[in-house]
Amino acid sequence: MKKLALVSTIAAALMLGACSTASDAGTAMVDGMKSAGSAVVDGAKTAGGAVVDGAKAAGGAVVDGAKATGSAVSSGVETVKDAMMGTSTQTISYVCTASGKKANVQAAYTFNGEKPQLATVILDGKVLATNLTVDSAYLDGVQFSDSKNVWTLSENITPSTVAKVVPVMYTLKGDQADTIVAKHCELAPVKK
């Protein structure tokens, strides 16, 4: 495009030169060459600016693409890891003291890989709470809770240790005071 402008300018200068006197032809030729030179310089500036702007945009796109790819890869790794480790549920039976007498308690624990996520607690066939989540602030074992229920175990659990860990108690939060619903728990004897 720039070469065409240069050729057109030179051709126009030559035509003007042919139609005028020798001094006019020289002036016209010089003016034509100045115009052509300006067109080339302006074109180079525009092209250079476009290259710089393009490089900036491409660089930003590369950085943004790298960030997006990094996030996608990281997310994908977690998804693959979760799929490999899998989500599992284990139900464990306990015998606890409730209202002064022995009661059967079952807890179903959901794990994501090795990490406990949820617990559902059942006392003598009655569901006390479902989908209690791990309280990450609790550090003396593991505690599952919601706004009114708390199921506390003596230590952290994994799918391989859950059948060996004893619950401490099940508590119902109250406005004035909390109520201990089940305590002094033991693992229920395994029926053979």
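Two strands pair if DSSP finds at least two bridges between them. Strands are DSSP runs (E, at least two residues), as are helices (H or I, at least four), and the numbering starts at the N terminus. The model is predicted, so to speak of local features requires pLDDT of at least 70 and side-chain atom pairs count only at pLDDT 80 or more, while totals for chains, interfaces and linings use all residues. Residues are numbered from 1 along each chain as its sequence is written, and side-chain values use heavy atoms, without hydrogens or water.

**View A. Eight strands form a closed barrel.**
The order is β1-β2-β3-β4-β5-β6-β7-β8, with antiparallel pairing. From one strand to the next, the twist averages 30°. That angle is taken between N-to-C directions on a scale from 0 to 180 degrees, with axes as lines fitted to C-alpha atoms (for helices, over the stretch in contact).

**View B. A hairpin leads from β7 into β8.**
Six residues make the connection. The two strands are antiparallel and share four bridges. Tyr-170 has Ala-182 of β8 as a bridge partner. On the β6 side, five bridges hold β6 and β7 in antiparallel pairing. There, Trp-151 has Tyr-170 of β7 as its bridge partner.

**View C. Trp-151 and Tyr-170 form a tilted aromatic pair.**
Rings of Phe, Tyr and Trp (its six-membered ring) pair if their centres lie within 6.5 Å; planes under 30 degrees apart are stacked, over 60 edge-to-face, and the rest tilted. By this rule the structure has three aromatic pairs. In the pair of Trp-151 and Tyr-170, the ring centres are 6.2 Å apart and the planes meet at 50°. Trp-151 sits in β6 (residues 149-153) and Tyr-170 in β7 (residues 167-172), 19 residues apart. Both Trp-151 and Tyr-170 are buried. Here buried means under 20% relative accessible area, exposed means over 50%, and partly exposed lies in between (1.4 Å probe, protein chains only). Ring pairs also bring in Tyr-94, which makes a cluster with Trp-151 and Tyr-170.

**View D. One disulfide is found in the whole structure.**
Cys-96 and Cys-185 are the partners, with S to S at 2.1 Å. The cut-off for a disulfide is a pair of cysteine sulfur atoms within 2.5 Å. The S-S torsion is about 115°, so this disulfide is right-handed. Cys-96 belongs to β1 (residues 87-98) and Cys-185 to β8 (residues 179-187), so the bond ties together parts 89 residues apart in sequence. Both cysteines, Cys-96 and Cys-185, are buried. β1 and β8 also pair directly, antiparallel, through three bridges. In that pairing Val-95 stands opposite Glu-186 of β8.

**View E. The largest nonpolar core holds 24 residues.**
Such a core is a set of buried Ala, Val, Leu, Ile, Met, Phe, Trp, Tyr and Cys residues joined through side-chain atoms within 4.5 Å. Tyr-94, Val-105, Tyr-109, Phe-144, Trp-151, Leu-153 and Ile-157 touch the most other members. β1, β2 (101-112), β3 (115-123), β4 (126-134), β5, β6 and β8 each give two or more residues. β2 gives the largest share, five residues.

**View F. Contacts around Val-105, Ile-157 and Ser-145.**
Contact means heavy atoms within 4.5 Å. Val-105 is in β2 and is buried at 2% relative accessibility. Beyond four places in sequence, its contacts include Tyr-94, Cys-96, Ile-122 and Trp-151. The C-alpha atoms of Val-105 and Ile-122 lie 5.6 Å apart, although 17 residues separate them along the chain. Ile-157, with neighbours within four places left aside, meets Tyr-109, Phe-144 and Val-165, among others. Ser-145 is in β5 (residues 142-145) and is buried, with a relative accessible area of 13%. Residues up to four places away aside, Ser-145 touches Leu-132, Thr-133, Asp-135 and Val-150.

**View G. Ser-99 and His-184 have positive phi.**
Most residues other than glycine have a negative phi. Ser-99 has a phi of about 55°. Ser-99 lies in the loop between β1 and β2 and is exposed, at 77% relative accessibility. For His-184, phi is near 50°. His-184 lies within β8 and counts as exposed at 55% relative accessibility.
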